[in-house]
Amino acid sequence: MEKRGRPKLSELEKLLRKGKRLQLKIKEIEKQVEDDPNGPYESISAVGRPPVKYKVQLRRAKDEYESIKTEAREKAEKEQDHIDIEKMIKDAEDPSIGSGIGRPKALEIQDIEYKIRQKEARIERIKNGKEKPELKMSEAGRQLGRLPKSNKEKIDRLESQILAMKAEIRALELKMTPLEREDMDIRRKRRVASFLRSELRREGLDGLRKEAHKNWEAAKLDRERFPAEVLEVCALERDIDARAKKLKEAMG
């Protein structure tokens, strides 16, 4: 019987592809470290665990890459001598890289929007004098390396990057189908709802939000017990749920 589908990858091929993806990931994080050495910063309104610093992400990615490289080298040496594992990883073919396979445009846009918010937050820190340049000094007290950029140069660069990212978002949105646009809108509204829930928790009103959901019709009529901000968040969440359900049905 003729076999269908893509051929099964060997363990070595899997490792080489993973190594190649890690190479790209390391380059991306290195750029983030260069752009914002102390980032990312925890947002005041953020919920959950604080973000992992770029430098920590970089160290973890490099450690994982070295582990993958060692394992791949051991497997490759069983098949041939005098291998260059770095070159093998670099030359590995991975159709998922740069193709967007299996990745909704909405997620790509979300990633870009997140990076834009990070850069906007950094601009504010620079303007408020909360970001100090890292100076490396020699034992003789002389500065090592290049002179740090001025605040104006940093802000100009960040603003240019933000404009480029917004253009990238616009290009992705132009390629979207109506269903993909709806998916994007729902994701954006979910982020707004998440922020509003965190505000309710901060004000001690999140319990009322949960209670209002249990008996929505009655809650809408009881304005003395349920403040407007609670009902507004509930209404937004219910709208998101209804639209998400319709979208799921439409996408099959």
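Arg209 is a buried residue, with a relative accessible area of 10%. This value belongs to a predicted model, as do the others discussed here. The partner of Arg209 is Asp206: the two side chains form a salt bridge, with 2.6 Å from N to O. Asp206 is likewise buried, its relative accessibility being 9%. Both values fall under 20%, so the two residues count as buried. Asp206 and Arg209 belong to helix 7, which covers residues 206-214, and because they are 3 residues apart there, about one helical turn separates them.

This pair also belongs to a wider arrangement. A network of salt bridges links Asp206 and Arg209 with Arg197, Lys210 and Glu237. In the model as a whole, the count of salt bridges comes to 22.

Two further salt bridges join helices to one another. The first to consider is that of Lys18 and Glu64, whose side chains meet at 3.6 Å, N to O. Lys18 is located in helix 1 (residues 11-35) and Glu64 in helix 2 (residues 54-77), so this contact ties together parts that lie 46 residues apart in sequence. Lys18 has a relative accessible area of 35% and is partly exposed. Glu64, at 32% relative accessibility, is also classed as partly exposed.

The other salt bridge connects Arg243 with Asp185, and the closest N and O atoms are 2.6 Å apart. Here the pair ties together parts that are 58 residues apart in sequence, because Arg243 lies in helix 9 (residues 228-251) and Asp185 in helix 6. How do the two partners stand in terms of accessibility, buried or partly exposed? Arg243 has a relative accessibility of 19% and therefore counts as buried, since the cut-off for that class is under 20%. Asp185, at 29%, counts as partly exposed.

Helix 6, which contains Asp185, spans residues 178-202 and also includes Val192. With Val192 the account turns from charged side chains to nonpolar ones. Val192, Phe195 and Leu196 make up a nonpolar patch on the surface, and together they have about 220 Å² of accessible area. Val192 itself shows 43% relative accessibility and so counts as partly exposed; the partly exposed class lies between the 20% and 50% limits.

Taken together, these features offer a route through the model. The reader may begin at the buried pair in helix 7, continue to the salt bridge between helix 1 and helix 2, pass to the one between helix 9 and helix 6, and finish at the nonpolar surface patch that includes Val192.

Definitions and conventions. Residues numbered from 1 in each chain as written. Predicted model: local features only at pLDDT ≥ 70, side-chain atom pairs only at ≥ 80, totals over all residues. Heavy atoms only, no water. Patch = residues over 30% accessible without salt bridge, like charges linked within 9 Å, V, L, I, M, F, W, Y side chains within 5 Å. Areas by Shrake-Rupley, 256 points an atom, 1.4 Å probe, with all protein chains shown as cover. Salt bridge = Lys/Arg side-chain N within 4 Å of Asp/Glu carboxyl O. Helix = DSSP H or I, 4+ residues; strand = E, 2+ residues; numbered from the N terminus. Buried < 20%, exposed > 50% of the residue type's maximum accessible area, 1.4 Å probe, protein only.
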